[in-house]
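Please look over the chain below before reading on. The notes cover helices, helix packing, backbone geometry and selected side chains.

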Amino acid sequence: MRRLVTGFVAVGLGWALLQPPADATPSADHGASATGAIGTSTGRLTPRSHFTMKPDGSSGLTAGGEGIPNIDSVKKTIYTYYGDPGTGIANKENSPYIAEMDAIVRHELRKLPSEYKKAKARHQRPALVFDTDDTTLMTYDMEVADMHFNFDPAEQDVWVQGQKFPATPGMVDLVDKAKKMGFTIFGLTGRNDNQKAATLGNLAKVGYDPGAFVDKRFYTKWVSGAKPPSYITCATSSCTTVEYKAGTRKHIEKLGYRIVANYGDQWSDLMGGHADRSVKLPNPTYYLPSANLPGLSQPKLAPRNHFTMAPDGSSGLTESGEGIPNIDSVKKTIYAYYGDPGTGIANKETSPYISELAKITKKQKAELKKRYAQAIRRGEKPALVFDTDDTTLMTYDMEVADMHFNFDPAEQDVWVQGQKFPATPSMVGYVNEAKKMGFTIFGLTGRNDNQKAATLGNLAKVGYANGTFVADRFFTKWTGTGSSQQPGYITCATAKCTTIEYKSQTRKHIEHDLGYTIVANYGDQYSDLIGGYADRTVKLPNPTYYLP
């Protein structure tokens, strides 16, 4: 068999020349890591690193799957930025986040003395206003270690009442020195009245001057069902963050204070005016949008739309907090792409994802007959290789509605054994037509041997033709138990095979040992495709997880 010829890679809707790898070298069940063999050239088989993303999620309607920041890469970038080793706990001594906060605090401490003097010279009462969460108290450990980026108000109240939050880096120093300069300190938080005493206790506990944040100058939001203060006017019965916070700052000004600076980690903390200047603190871990006040335009108080992000998370070492795609905006963008109304269930009839899959399969289908005929003329046995998850079966509802973007292998096995997955859009028709043309179809998945029968059952259940995916041409990963052992045709650099070692050497086995020519290899992960042993690789879109 000829092998490792120069081929093409189909990524999304375009074609890019792919140089052949010098050597081929698995695992990855969902959530595991994978690396290529030493000396492997992967050409264009790498994720994008530049993105345009609007904060409201609307980019999901236009960006394409590869143009959406992959949520696993976003998480890794956030971990790096906070110095989190993977435990969900931020480094409290040294991290890019701490360094950025220290720089902000140094800048403020240089600026505030002259601003104080100017205000006093005008016979004003200079004041500073501070938000709480991720402005004076840091929520990262709760958001990540406890909630796994899925906010739970009941659990948040446990943290609040337990006064569990550490101080935001540098902010104790800033607040205390500002107070000593003579500034009056105000707190203005979205926490509710029932959380006020505990929040003040937490602030004192982590070292803020007891006279800085005091009850009468610390504003919390009224509890549900209660009336807002008379100085707050809202357009509807439910006040927005901007209405509440801007109205409260206006009230502080009416008390005779001059708000020299307003500090917050959310743009909605800062919009609405009533402060000489606004100081945005970095926070890519959540996004709380709010419409600005009617008739007020503050274009500078808005999130970034353009990002540079390496897939391995290393950008967290160099990008600022504002330069990291906010995970809540990423989620909204993914929802829009899959036509998910917010339930975690993808639209099965129409969505940008469905449209993109239809375009990809249409383009690929136009090439298949010609490539089949070419292989036959060369006396070859033409075959196609397909990954399973998000290549032939769609996992979105499990990943989002059930797991909330946090993979759980035990729960995944429930879905696999229950044959719960729908087909990936357009792929049933595509695979079935390829089989009719004469292609031999192979399956090659990171699912394990114990999941093989159920996976084949699921594929048949959703409409893949009888005889398309069959046991002797469907490769699953060994478990290491009983008869389920690593095949002799696979050699790995360590005891734990990478995805690329497993999949590329299985493709080599299909070609060299079984005598087929793999005309095209299809997968939603780059690790499904790297390592050679296929004329072409076809990357299907998937921003919901990343298996390097």
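The briefing below goes topic by topic, starting with one helix and its surroundings.

This is a predicted model. Helix H1 is mostly covered, with nine of its 12 residues buried. H1 packs obliquely on H2, and H9 packs obliquely on H10. Two residues other than glycine, His148 and Phe405, have a positive phi.

**Helix H1**

- H1 runs over residues 71-82 and has 12 residues.
- From first C-alpha to last, H1 reaches 17 Å, close to the 16 Å expected at 1.5 Å a residue.
- The buried residues of H1 are Ile71, Asp72, Ser73, Val74, Lys75, Thr77, Ile78, Tyr81 and Tyr82.
- The buried set therefore includes Asp72 and Lys75, because burial here rests on relative accessible area under 20%.
- Three helices receive these buried residues: H2 (96-121), H3 (140-146) and H9 (327-338).
- At the start of H1, Asn70 places a side-chain oxygen within 3.0 Å of the backbone nitrogen of Asp72.
- After H1 comes Gly83, with a positive phi near 70°.

**Packing of H1 on H2**

- Two packed helices are described by the angle between their axes and the distance between the axes.
- For H1 and H2, the angle is about 60° and the axes are 5 Å apart.
- The pair is therefore oblique, because 60° falls outside the 65 to 115 degrees that count as roughly perpendicular.
- H1 brings Thr80, Tyr81 and Tyr82 to the contact, and H2 brings Pro96, Tyr97 and Glu100.
- By class, the contact of H1 with H2 holds four nonpolar residues, one polar and one charged.
- Tyr81 and Tyr82 of this contact are also among the buried residues of H1.

**Packing of H9 on H10**

- H9 meets helix H10 (residues 352-377) at an angle of about 60°, and their axes lie 5 Å apart.
- H9 and H10 are therefore oblique to each other.
- On the H9 side, the contact uses Ala336, Tyr337 and Tyr338.
- On the H10 side, the partners are Pro352, Tyr353 and Glu356.
- The contact of H9 with H10 has five nonpolar residues, no polar ones and one charged.

**Positive phi outside glycine**

- Most residues other than glycine have a negative phi.
- His148 has a positive phi of about 55°.
- His148 sits in the loop between H3 and helix H4 (153-161).
- With 39% relative accessibility, His148 counts as partly exposed.
- Phe405 has a positive phi of about 65°.
- The loop between helix H11 (396-402) and helix H12 (409-417) holds Phe405.
- Phe405 has 4% relative accessibility, so Phe405 counts as buried.

**Ser504 in H15**

- Ser504 belongs to helix H15 (residues 499-513).
- Its relative accessibility is 0%, so Ser504 counts as buried.
- A polar atom of the Ser504 side chain lies 2.6 Å from the backbone oxygen of Ile500.

**Leu368 in H10**

- Leu368 is placed in helix H10.
- At 3% relative accessibility, Leu368 counts as buried.
- Not counting residues up to four places away in sequence, Leu368 touches Leu384, Tyr430, Ala434, Met437, Phe439 and Tyr522.
- Leu368 and Asn448 are 80 residues apart along the chain, and 30 Å separates their C-alpha atoms.

Technical notes. Residues numbered from 1 in each chain as written. Heavy atoms only, no water. Helix = DSSP H or I, 4+ residues; strand = E, 2+ residues; numbered from the N terminus. Expected span 1.5 Å × (residues − 1). Buried < 20%, exposed > 50% of the residue type's maximum accessible area, 1.4 Å probe, protein only. Contact = heavy atoms within 4.5 Å. Polar contact = N/O pair within 3.5 Å; in protein donor to acceptor, adjacent residues only side chain to side chain. Axes fitted to C-alpha atoms, helices over the stretch in contact; angles between N-to-C directions. Parallel < 35°, antiparallel > 145°, perpendicular 65-115°, else oblique. Nonpolar A, V, L, I, M, F, W, Y, C, P; charged D, E, K, R; others polar.
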